[in-house]
Number of protein chains: 4
Amino acid sequence: MNKPNFASDYVYAAHPSVLRLLQEVNTIAFTGYGTDDLCESARARIRKAADCPTAAIHFLSGGTQANLTVISAFLQSHEAVFAAETGHINGHEAGAIELTGHKVLLLPGDAGKLSAKAVRLFMEQWSKDENRAHTVRPAMVYVSQPTEYGTLYTKRELQDLKDVCRDYGMALYLDGARLAYALATPDNDVTLPDLSAFCDVFYIGGTKCGALFGEAVVIPDPAGHPYFFTQIKQRGALLAKGFVLGAQFEALFRDDLYSEIGKPAIRAADKIRLALREKGYPLHLSTPTNQIFLRFTNEQYKEISSRAALGFWEQPDEAHTVARIATSWATTDQDVEGLLSLL
Amino acid sequence: MNKPNFASDYVYAAHPSVLRLLQEVNTIAFTGYGTDDLCESARARIRKAADCPTAAIHFLSGGTQANLTVISAFLQSHEAVFAAETGHINGHEAGAIELTGHKVLLLPGDAGKLSAKAVRLFMEQWSKDENRAHTVRPAMVYVSQPTEYGTLYTKRELQDLKDVCRDYGMALYLDGARLAYALATPDNDVTLPDLSAFCDVFYIGGTKCGALFGEAVVIPDPAGHPYFFTQIKQRGALLAKGFVLGAQFEALFRDDLYSEIGKPAIRAADKIRLALREKGYPLHLSTPTNQIFLRFTNEQYKEISSRAALGFWEQPDEAHTVARIATSWATTDQDVEGLLSLL
Amino acid sequence: MNKPNFASDYVYAAHPSVLRLLQEVNTIAFTGYGTDDLCESARARIRKAADCPTAAIHFLSGGTQANLTVISAFLQSHEAVFAAETGHINGHEAGAIELTGHKVLLLPGDAGKLSAKAVRLFMEQWSKDENRAHTVRPAMVYVSQPTEYGTLYTKRELQDLKDVCRDYGMALYLDGARLAYALATPDNDVTLPDLSAFCDVFYIGGTKCGALFGEAVVIPDPAGHPYFFTQIKQRGALLAKGFVLGAQFEALFRDDLYSEIGKPAIRAADKIRLALREKGYPLHLSTPTNQIFLRFTNEQYKEISSRAALGFWEQPDEAHTVARIATSWATTDQDVEGLLSLL
Amino acid sequence: MNKPNFASDYVYAAHPSVLRLLQEVNTIAFTGYGTDDLCESARARIRKAADCPTAAIHFLSGGTQANLTVISAFLQSHEAVFAAETGHINGHEAGAIELTGHKVLLLPGDAGKLSAKAVRLFMEQWSKDENRAHTVRPAMVYVSQPTEYGTLYTKRELQDLKDVCRDYGMALYLDGARLAYALATPDNDVTLPDLSAFCDVFYIGGTKCGALFGEAVVIPDPAGHPYFFTQIKQRGALLAKGFVLGAQFEALFRDDLYSEIGKPAIRAADKIRLALREKGYPLHLSTPTNQIFLRFTNEQYKEISSRAALGFWEQPDEAHTVARIATSWATTDQDVEGLLSLL
């Protein structure tokens with residue numbers, strides 16, 4: 001038996017529907033670089049699901065790739081992007097954004113979330129700074145949904161971010177690496193059509209949400225970006241067999257699968273959260289989605305992590321360890337029970 | 001019925017063995033970023049096949065990505081890479097290498113091949129140029145095997161390139177996007193162990209050789225590149241589910257499959273070449289591998305390409321069209337007969 | 001006595017008027033970064049001389065700096081610049097343009113000049129290429145006046161370049177490192193106002209034309225480049241004491257000095273050309289400006305260059321040396337006679 | 001009469017000795033790009049003054065240019081530089097470092113100073129972080145002497161920074177834009193030879209310390225940087241007339257001028273500090289060098305700044321303004337008295 005695995009949401013290959021469709025199309029010849037029928041069909045499904053009939057949709061291989069491609073293609077050389085200090089583009093992408101030439105302007109976040117207020121305060125000061133021509137121009141706001149800490153923006157909060165972006169001529173970019181888990185969370189009030197309405201660009205995560213790999217970058221109003229395809233190619237992010245990505249998003253958006261696929265993860269996480277509370281474990285952070293951050297004594301952590309795969313997060317002091325429990329579309333009742341039996 | 005498809009060697013998804021293994025491992029949890037057992041097993045198989053026991057092997061998603069990652073990671077900021085004018089990094093990758101900050105120094109090639117003599121001549125002049133400190137330092141030679149025109153370097157030619165690289169402190173990098181077709185060509189005398197011996201870095205193509213996607217970058221002596229992993233990540237080229245690439249190369253290197261997988265393509269291409277010769281079609285270029293470049297009258301091209309998918313190459317004059325016929329691991333006898341019946 | 005020096009046009013510090021003005025203003029306090037009155041006055045003089053009342057004018061330190069700043073600020077990440085193979089940005093700037101991420105697309109030139117015809121031919125083919133989205137978009141044409149070989153574009157030729165640029169949405173950029181020598185050449189029919197009319201951006205050379213250092217970048221219609229100041233700063237090209245550059249261009253554009261300053265150089269060069277012809281020396285290239293390219297036997301070269309400083313250009317064969325004789329604003333009759341006495 | 005000007009230390013052109021030497025050498029022909037005798041002489045003087053006989057010394061045009069050239073030439077693509085949040089490379093250079101592809105890792109400073117302790121703490125955690133291969137490698141520490149706030153590192157503090165750099169394989173880089181003012185401060189215990197001993201690279205400021213423009217980059221042990229000249233050229237930072245910079249540093253290092261030139265500035269600043277204290281003005285920050293940060297009521301600021309040029313720094317609240325008073329080598333007794341009469 002495998003031991004229960006909660007190390008991350010990318011430990012299993014792909015949802016059966018995804019593999020099945022790849023298998024089905026394996027005798028069909030496709031054209032290259034995402035110009036094929038499967039990609040077109042997947043795009044049509046996403047446009048419908050997100051209510052953005054004119055959107056340009058590009059399939060890329062991974063999250064860091066999507067982030068660096070979008071950000072560097074949208075920004076001019078003198079422009080910078082805001083992110084929360086905990087934003088994935090800050091500490092977890094090996095300086096990918098800076099390698100493309102752009103500064104990441106850090107703002108303090110709240111449990112992973114960037115507030116419109118903090119952005120507005122910065123921009124008010126920047127706009128009045130007589131020396132601002134000696135500094136980068138902030139031109140984009142980067143957020144993730146759910147955040148790196150599993151928290152969620154509300155519709156109102158995204159609306160506020162959109163407003164400050166509009167007021168200062170900035171683009172709003174949302175990283176949806178785990179978007180299916182946001183959509184599957186009962187507390188969530190932000191829909192795919194909301195993202196089309198609020199964001200200048202966002203991506204719908206595949207890698208962590210049932211695909212072998214892949215993310216769908218959505219640009220609701222693509223008129224201002226006529227060379228985005230070339231910019232993808234130039235960053236090494238254009239797959240020759242684009243149809244391999246198209247097939248996966250076709251599978252994920254048939255029969256409303258993307259709306260459903262995160263639900264087992266949330267149910268599992270809720271069950272684990274409840275058990276933890278009942279057993280008196282201190283939650284490090286209260287989050288409604290598929291990630292749970294938990295504070296163990298080192299002994300507890302050593303014992304449990306020998307019998308279930310957990311994610312090491314950090315060691316806040318000598319005696320304790322914070323671990324991450326990540327559920328996913330692939331988490332089973334058996335996994336959950338296996339974990340609970342260890343607590 | 002599908003019409004026979006010779007448009008390129010990346011029109012079909014994957015070799016059945018590749019899909020089968022992905023299916024098999026779909027219930028197993030893996031660690032992330034290529035640290036898993038499947039990747040390790042695939043690496044061991046490649047090290048054995050290429051006789052390079054200490055090599056570092058990294059799985060990347062595509063060819064342009066591999067090229068830009070390798071080249072920019074190996075070069076210092078003031079260094080440049082030589083390529084034949086027809087080299088893929090020159091005209092077909094949207095300026096990807098320049099975007100990383102490096103000049104591509106073009107040398108005339110011969111049917112896609114760069115000669116050691118041309119490189120040596122340039123370096124002799126450069127070394128004597130009193131103003132060379134005002135110019136980029138050539139620090140790498142880029143070649144592809146087979147070349148973009150389907151031609152092959154001989155062992156002797158690669159040895160000569162290695163020699164000039166050693167004499168001038170340059171790295172030799174070989175792009176093996178279609179390497180399986182070189183290995184399957186009877187005329188070829190360059191083996192995988194030869195590549196380990198001659199090259200500072202090369203990649204073994206998966207995308208065009210039976211994988212859904214993916215290339216295996218091989219660094220025979222990795223001591224000088226301790227941060228290559230970080231450099232991959234930083235360029236957006238690190239797949240979270242590295243095991244999806246590992247599984248594919250595991251399948252391609254089990255039972256010597258990679259040595260075999262190109263053979264149907266070469267047999268098919270040879271059959272087509274023979275028929276073309278018999279029927280008096282003028283070959284645009286004589287090549288021994290899986291690509292055939294053929295000169296049609298526009299009428300012929302229009303007629304035939306309506307009934308078989310061919311690759312448009314160029315229009316050398318008003319009345320003629322050069323087309324590319326690319327066979328692949330997936331080409332069937334039926335495809336070949338279908339095409340021949342049209343000639 | 002100094003031996004006659006024709007090694008280059010940047011061997012002497014500055015025209016006396018330039019040093020005199022720097023001395024004069026040495027007790028005056030100025031504001032920083034080019035916001036001062038001297039810069040404003042110099043800008044007003046240049047706007048008047050070039051008949052471009054709305055132009056933005058920025059003072060930079062040197063030619064490579066001007067080239068890389070202008071080109072990288074004007075181009076989007078996926079865009080490239082055309083240059084003649086002999087263009088300064090190709091072989092003499094150590095890959096500066098590529099370091100900013102942009103490909104230099106080389107076209108064959110004619111004695112240093114790029115023809116509108118060659119550019120148009122490329123663009124016609126590129127526009128019809130179905131794969132052009134996989135290639136960089138040409139977005140700028142780089143020329144120099146005089147060229148690196150001392151030749152001159154005619155008004156008609158610049159008009160034709162402007163036309164092809166307009167037809168394909170490209171910017172025309174002219175590098176005027178030695179512009180004063182073009183303006184002082186009797187054959188020249190291109191005026192400063194012509195440059196304002198034809199070019200999207202150009203620079204008026206100071207370093208080689210009488211200043212200690214410095215170039216004046218002129219953008220006739222700056223509306224599309226609101227952040228050029230920040231882009232200068234970001235490339236390390238903004239001088240804190242901008243007034244040091246302003247003072248020099250103030251001196252160069254007072255009393256029409258810039259129109260006059262090249263004349264002694266052209267008179268000297270004409271005198272030398274005449275003498276060379278009379279004495280039967282083979283000119284390597286016929287040029288009307290301040291650079292003369294001359295083919296010597298090695299013995300001649302050795303003898304003469306021991307008694308006058310010449311510029312080594314290249315060794316076309318074992319027995320010969322091509323040298324460059326560059327006159328400048330500082331060349332004296334004595335220098336010329338000294339040189340002629342050696343021939 | 002000019003009103004007293006304390007707006008910055010770069011409001012006057014150059015020390016008379018600098019202009020005089022430029023005038024003197026104006027009839028001498030020099031070779032280009034810093035290969036001339038004046039540059040060599042200036043280098044010899046600096047090597048002697050800094051007790052670094054084998055140092056490579058390069059003359060660049062300005063501070064941001066020096067910073068971006070040094071940092072990007074010393075770092076590999078995956079490497080980053082530490083700076084205090086107040087470091088010039090963070091907020092005042094328009095993202096110049098990021099444009100070269102490198103992340104600036106911010107650490108909290110103390111009155112502009114970065115502590116070895118803060119760097120060591122970060123590195124201890126980074127070295128233990130299992131995910132550090134997914135992050136940039138810190139490879140350089142950037143400090144300035146005096147800092148942007150006019151404070152000084154002690155010899156002991158620099159020694160400690162050197163130690164942590166050595167322990168973790170990082171380079172120590174010191175920005176000496178205002179170095180003459182540090183050297184002229186009685187409290188200072190860090191000499192030029194100390195900088196040679198502690199730093200892997202540093203620059204001696206000219207622009208703010210008596211030159212028209214220019215900074216001298218010193219690499220005490222240049223063996224590891226054989227292509228630094230090309231890297232300067234490639235960043236547009238190589239002046240054709242290098243001798244114009246050489247002449248200025250020759251003048252600044254003749255007769256020990258660089259040790260003396262800052263003294264009038266410190267004497268003036270001390271006098272102003274004393275008067276401010278006596279008159280009860282609240283100092284915003286206590287600093288021993290040529291910058292004084294002073295908190296005014298808005299009314300005071302308005303009144304005084306109409307009669308003496310001050311530097312606006314920030315508005316900490318609605319009612320107050322923090323101004324900077326910067327003295328320089330050019331500050332006269334008259335300037336000081338003029339200012340004091342307004343207080």
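Guide: Let's start with a rule for who touches whom: two residues are in contact if their C-beta atoms, placed from the backbone, lie within 7 Å. And keep in mind that what you have in front of you is a predicted model.

Visitor: Fine, let me try it on two chains. How many residues do chain A and chain B each put into their contact?

Guide: Chain A gives 40 residues and chain B gives 42 residues.

Visitor: Which elements give two or more residues to the side of chain A that touches chain B?

Guide: Four helices of chain A do: H1 (16-24), H3 (63-74), H5 (96-99) and H10 (228-234). Sorted by class, this side of chain A has 22 nonpolar, 15 polar and three charged residues.

Visitor: What turn and what shift lay chain A on chain B?

Guide: A turn of 180°, with a shift of 0.0 Å along the axis, and the RMSD is 0.0 Å. As for the contact residues of chain A, 100% of them recur in chain B, and the same surface serves both copies.

Visitor: Now chain D. What turn lays chain A on chain D?

Guide: Again we look at the turn and the shift: 180° and 0.0 Å along the axis, with an RMSD of 0.0 Å. That is how a two-fold axis relates its copies.

Visitor: How many residues are in the contact of chain A with chain D?

Guide: There are 17 residues from chain A and 17 residues from chain D. On the chain A side, five are nonpolar, nine are polar and three are charged.

Visitor: Why do we say that these copies meet through the same surface?

Guide: Because 100% of the interface residues of chain A are interface residues in chain D too.

Visitor: Let's go inside one chain. Which domains does the domain assignment give for chain A?

Guide: The assignment has domain 1 at 16-258 and domain 2 at 263-340. Taken over C-alpha atoms, the centres of these two domains of chain A are 28 Å apart.

Visitor: How many residues of domain 1 of chain A are in contact with domain 2 of chain A?

Guide: 14 residues of domain 1, and they meet ten residues of domain 2. The domain 1 side splits into eight nonpolar, four polar and two charged residues.

Visitor: And helix packing, how do I read that?

Guide: Two packed helices are described by the angle between their axes and the distance between the axes. Take chain C: helix H1 (residues 16-24) packs on helix H11 (residues 242-253) at about 130°, and their axes are 8 Å apart.

Visitor: Why does that count as oblique?

Guide: Angles of 65 to 115 degrees count as roughly perpendicular and those over 145 as roughly antiparallel, and H1(C) and H11(C) are therefore oblique to each other. The crossing is right-handed. On the H1(C) side, C:Ser17, C:Val18, C:Leu21 and C:Leu22 make the contact, while H11(C) offers C:Ala247, C:Gln248, C:Glu250, C:Ala251 and C:Leu252. By class, this contact has six nonpolar, two polar and one charged residue.

Visitor: At what angle does helix H2 of chain C pack on H11(C)?

Guide: Helix H2 (residues 37-49) of chain C packs on H11(C) at about 40°, with the axes 8 Å apart. That makes H2(C) oblique to H11(C). H2(C) and H11(C) make a left-handed crossing. Among the residues in contact are C:Leu38, C:Ala42 and C:Ile46 of H2(C), and C:Phe243, C:Ala247 and C:Phe253 of H11(C). The contact of H2(C) with H11(C) has nine nonpolar, three polar and two charged residues.

Conventions. Residues are numbered from 1 along each chain as its sequence is written. Chains are lettered from A and ligands numbered from 1 in the order in which they are written. This is a predicted model: local features need pLDDT of at least 70, side-chain atom pairs count only at pLDDT 80 or more; totals for chains, interfaces and linings use all residues. Copies are superposed by least squares on the C-alpha atoms of residues with pLDDT of at least 70 in both. Ala, Val, Leu, Ile, Met, Phe, Trp, Tyr, Cys and Pro count as nonpolar, Asp, Glu, Lys and Arg as charged, and the others, Gly among them, as polar. Axes are lines fitted to C-alpha atoms, for helices over the stretch in contact, and angles run from 0 to 180 degrees between N-to-C directions. Angles under 35 degrees count as roughly parallel, over 145 as roughly antiparallel, 65 to 115 as roughly perpendicular and the rest as oblique. A crossing is left-handed if the near helix is turned anticlockwise from the far one by less than a right angle, and right-handed if clockwise. Domain bounds come from an automatic or database domain assignment.
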